[in-house]
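User: I am new to reading structures, and I would like to understand how the words used for them are justified. Could we go through a few of them together?

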Amino acid sequence: MNLLIISDEQEDVLSTEKINKDFNSIFLKLSSKKFYEQVQNNSNIPLCIIFVNDEKNLEKNDLLKIFSVAGFLQAKNIQIVSNIDLLNCSFSNSKVEHISSVDELNKYLETNQEKLIQADEKLQAQNELLEKGIPVCPSCFALCIEEENQKDFDRFIKAGIDINSSDPNGTPMLNVAARNNCTKMINKLLDLGADINAISKDRGYTALMDAILRGNEKNVSIFIEHGADVNTINKDGQTNLILAVGENKPHICSLLVKKGANPDIKDSMGMSAYEYAVLFKNQEIIDILSPFHKE
């Protein structure tokens, strides 16, 4: 993992045991030529250490450099650790951590190692996607899911994408996976804690409803096994069972009623799943729903 060290010290002064062992440190002296350019070229990091020998004896130009760099790093949401009191007072937020000695620096690195590694992995994943011309945004994540690109999917997750985000049409990622019959993506999203009952803005469908509409019995089973609500109602007042009856999917109807789906809930037309089965003269589905029919 990379980190940037800015100091007026010699490099070996801050070559602590922790830095040597676990981090790839990029050392930059305040007096370095092309100082700002070097900072920009090495800013793809989760952490910057700003450590000086004597804050009171800092030259005005060096202090200006430090404040300019701190502002730049803050804008990039990069954690700063520093022993400069004035800097910590000026940037009083969680992205500036005060340390007073090399020993405290070692303790900080030890305590926050896992978090820093995760932040570094996030940056690397973002860069890997950007190198392919893929910004970390919901629309690109949705396309990745549609294409079942598992490598890029993992990069999006490491890059910090919200698994419960929606595409520009308001379709949650789990629904995107269901509409495209992407079983592997469904499993990945559910394992990561995706909201199984999220509702799309276009149709008012849950992912279970989308799987039913696609007639994908395997995906329907996955959603049911993961505890999906079997009695949700879409914008047209249709239940999961009504959709299953309409798609002529007896096995899906059976899966639903066995998990508590009510065949007597009526839609906006005043018809229930059971009544549609009777209307369509679908005896197989009638036989499945009859034991659960109470009207």
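User: What makes strand β1 mostly covered?

Analyst: In this predicted model, a residue is called buried when its relative accessible area is under 20%. Five of the six residues of β1, which spans residues 2-7, are buried, so by that cut-off the strand is described as mostly covered.

User: How do you know that β1 and β2 pair?

Analyst: Two strands pair if there are at least two bridges between them. Six bridges, in the parallel sense, link β1 with β2 (residues 24-29), so the requirement of at least two is met. Within this pairing, I6 stands opposite L28, and L4 has I26 as its bridge partner.

User: Which residue of β3 is the bridge partner of L4?

Analyst: In β3, that partner is C48. Four bridges join β1 to β3 (residues 47-51), and these strands run parallel, so the requirement of at least two bridges is met here too.

User: Why are β2 and β5 called edge strands?

Analyst: The open sheet has five strands in the order β2-β1-β3-β4-β5, and β2 and β5 (96-98) each pair on one side only, which is what makes them the edges. Helix α5 packs on this sheet, touching β1, β3, β4 (79-82) and β5.

User: Why are the buried residues of α5 said to lie on the same side?

Analyst: In α5 (residues 102-111), L105, N106, Y108 and L109 are buried. Because they cover an arc of only 160° around the axis, they are on the same side of the helix. On the other side, D103, K107 and T111 are exposed, which means over 50% relative accessible area.

Notes. Residues are numbered from 1 along each chain as its sequence is written. This is a predicted model: local features need pLDDT of at least 70, side-chain atom pairs count only at pLDDT 80 or more; totals for chains, interfaces and linings use all residues. Side-chain values use heavy atoms; hydrogens and water are left out. Buried means under 20% relative accessible area, exposed over 50%, partly exposed in between (1.4 Å probe, protein chains only). Helices (H or I, at least four residues) and strands (E, at least two) are DSSP runs, numbered from the N terminus. The arc is that of the directions from the helix axis to the C-beta atoms. Contact means heavy atoms within 4.5 Å. Axes are lines fitted to C-alpha atoms, for helices over the stretch in contact, and angles run from 0 to 180 degrees between N-to-C directions.
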